[in-house]
Amino acid sequence: MKILPQEHIVLIRQAIESARAAGDLPAFDLPEIRVQPPARPEHGDYASPVAMQLAKLARKAPLEIAEIIVRHLPEAPFLGGASVAKPGFINFRLNEDWLKQQVEAIIAEGDALFTLERGKGQRAQVEFVSANPTGPLHIGRTRGAVIGDTIARLLEALGYDVEREYYFNNAGRQMEMLGRTLQARYLQALGHDAALPEEGYAGEYMKDIAAQLVEEVGDSWLEQDWQPFKEYAEKIIFGWIRDSLLRLGVRHDVFFNENSLYEDGAVWRTLDALREQGYIYEAPVWEGASEEERAAAGDAAPATWFRTTRLGDDKDRVLVKASGEPTYTLPDIAYHVNKFERGFDLLVNVLGADHGLQYQTVRRGLQALGYDPSKLHVVIHQMVRIYKDGRLIKGSTRAGDVIPLDDVMDQVGPDPVRYFLLARSPNTDVDFDLDLAIAHNNENPVYYIQNAHVRCAGIFRMAEARGFSDEDADLSLLGEQEMVFLRQALRMGEMLLYAVDEMAPHQLAVFALDTARIFHPMYDTVRVFHSEVPEDVARARLRFYRAARIVFRRLLTLMGMNAPDFM
RNA sequence: GCCCCCUUAGCUCAGUGGAUAGAGCAGCUGCCUUCUAAGCAGUUGGCCGAGGGUUCGAAUCCUUCAGGGGGCGCCA
């Protein structure tokens, strides 16, 4: 399908060239030409302020420039006309016959509607969720899952070959605590006296795992140390996470274990590479430390520091602790080096706001090693606040005070979860009111959008029952309302490009709702099977609704939601 | 103290330097004999946090300030 603003820009450029050749416009460097749908439909389908931008360069009045451009505008099948409006806008109208014929173009593309060329032949990777297996997936993490998966779907729509990756660590202190917690719960389940470790995981789910373990091995693990418990807990919890994600429509292609970066020596190679570039030193405190900091450190053992201040940081960062153990940051840099070495053309990393600083250090590491950091897009989303009974729930996996995703999906289903977490800009905090999500589910935008698809499906059930076909429909019989819908549908391509360029997947949710807003009033009056609708008009309308159904199925699929036939 | 995000209708939020700033929810008035009323029609509601700047043009860009959220470990 055509991306209409781009097509219009080509025409404007040609018009300016031709105006210059004719001596109507002087020579000047062309600024970026913008074409957008105007705020008000009576101004046309697309509009450009280019003449106003050019006024100074061409030393002519905007209105005059606009007239000149319009006069030199070449013809195009989609172009119905162009006019000049007051301050100096050029307004374009689509050719109505062409517009009506787009019904066939939409049907021809089907489920691949608006699959673009942008990423053709290129590989993209999206890393998201990346939660360590210490507890069930909770609603806060789910925001990253929804944003990441939707970005992946958008990239696929742009023609990229996309890989979804999940990075995890099953070797650290967190996991030891998990093992020790299960050990304690196991002993308790068998009636022994055992205290939870101080930094253990207090959530009820650890009791469930213990009960399951007792059922499997009885009392034969009484003398076991924490390691087998850790492995058992990890296996169970990863199963939960995978199942929850699957239920949400999210499936990762690669699970990348941080440990492998130690096994193949990548962690230390990364440190050596940074050292070679002169970014590494050993010291008890960082080079720029104040007297107080130095005094506080006393004669502590030296740690290994990354001179990030040379790259704009206000403080250097530790990569290897005095104990000789790396911090989380070093393997994370090594991991991103690994990603770059795998030859992706585009990397996306979806993180919660609490990791904002971390990624800065990783980015500086990549920069220090000579990688092009512009290839890496980091999407940082703000937090999800959950309200239940009007009360804010502070989520901590360790304290067990979290709402598991599955509990929410049990109550509202996966589609509203996806929609609510997608529909807001990643930059905004989300207030997820559980009571509202459940109680008001009939007045949800989710169902408003899905109902558009349901209504289309209903028309085709009726068509089938009556044996009525849309073959050889005469699309010229379509009316004004159908054209309003088609104009909106044809803007989908622009929206997809914008959503990816800005890493703003919520654009999809906004666009889907806008499209449904146009659909429902139209459906109310543009009937197919009605005694007053002549057969040839009915045929054209049925053809049109076939296209409309494809539009909604495509939008819902891109959002990872169902496109139901019944509700 | 430093960094990031937010501030737009009663509430929750969209808004890509362009023309008269938009939805949903809540409120009010109507509409089911025709393909799903989870819908439609109508209506109420705005100093776009405040000041300054850039621009032909600012909710949008820059800057100062105020208010709210989050982050600032040799944790992961």
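A polar contact here is a pair of N or O atoms within 3.5 Å. With that in hand, let us walk through this predicted model, starting where the protein meets RNA strand B. A phosphate oxygen of RNA strand B sits 2.8 Å from an N or O atom in the side chain of Thr428, a distance that falls within the cut-off of 3.5 Å. Asn169 offers another example: one of its polar side-chain atoms lies 2.5 Å from a sugar or linking oxygen of RNA strand B. The bases take part as well, since a base nitrogen of RNA strand B is 3.1 Å from a backbone N or O atom of Val528.

Which elements give two or more residues to the surface near RNA strand B? They are helix H2 (50-58), strand S3 (89-94), strand S8 (303-306), helix H17 (445-466) and helix H20 (506-525). Step back from single contacts, and you will find 68 residues around the strand, of which Lys56, Asn169, Asn427, Arg455 and Arg527 come nearest. By class, the residues of this surface comprise 29 nonpolar, 22 polar and 17 charged. Seen from the RNA side, 59% of the atoms of strand B within 4 Å of the protein belong to sugar or phosphate, and the rest to bases.

Two of the helices just named, H17 and H20, also pack against each other. Their axes come within 9 Å and cross at roughly 45°, and H17 and H20 are therefore oblique to each other. The crossing of the two is left-handed. On the H17 side, the contact is made by Pro445, Tyr448, Ile449, Asn451, Ala452, Arg455, Cys456 and Ile459, and on the H20 side by Ala512, Leu513, Ala516, Arg517, Phe519, His520 and Tyr523. Sorted by class, these residues are 11 nonpolar, 2 polar and 2 charged. Notice Arg455 on the H17 side of this contact; you have already met Arg455 among the residues that come nearest to RNA strand B.

Helix H2, another contributor to the surface near the RNA, has a partner of its own. H2 and helix H3 (residues 62-72) pack at an angle of about 110°, with their axes 8 Å apart. That angle makes H2 roughly perpendicular to H3, and H2 passes H3 in a right-handed crossing. Val50, Ala51, Met52, Leu54, Ala55 and Ala58 in H2 come up against Pro62, Ile65, Ala66 and Ile69 in H3. What classes of residue make up this contact of H2 with H3? There are 10 nonpolar, no polar and no charged residues.

One further helix pair rounds off the tour. Helix H12 (residues 329-341) packs with helix H13 (residues 356-368) at an angle of about 55°, and their axes are 9 Å apart. H12 and H13 are therefore oblique to each other, and H12 passes H13 in a right-handed crossing. From H12 come Thr329, Asp332, Ile333, His336, Val337 and Phe340, which meet Gln358, Thr361, Val362, Gly365 and Leu366 in H13. The contact of H12 with H13 has 5 nonpolar, 5 polar and 1 charged residues.

Notes. Residues numbered from 1 in each chain as written. Chains lettered and ligands numbered in written order. Predicted model: local features only at pLDDT ≥ 70, side-chain atom pairs only at ≥ 80, totals over all residues. Heavy atoms only, no water. Near = heavy atom within 4 Å. Polar contact = N/O pair within 3.5 Å; in protein donor to acceptor, adjacent residues only side chain to side chain. Helix = DSSP H or I, 4+ residues; strand = E, 2+ residues; numbered from the N terminus. Nonpolar A, V, L, I, M, F, W, Y, C, P; charged D, E, K, R; others polar. Axes fitted to C-alpha atoms, helices over the stretch in contact; angles between N-to-C directions. Parallel < 35°, antiparallel > 145°, perpendicular 65-115°, else oblique. Left-handed = near helix turned anticlockwise from the far one by under 90°. Contact = heavy atoms within 4.5 Å.
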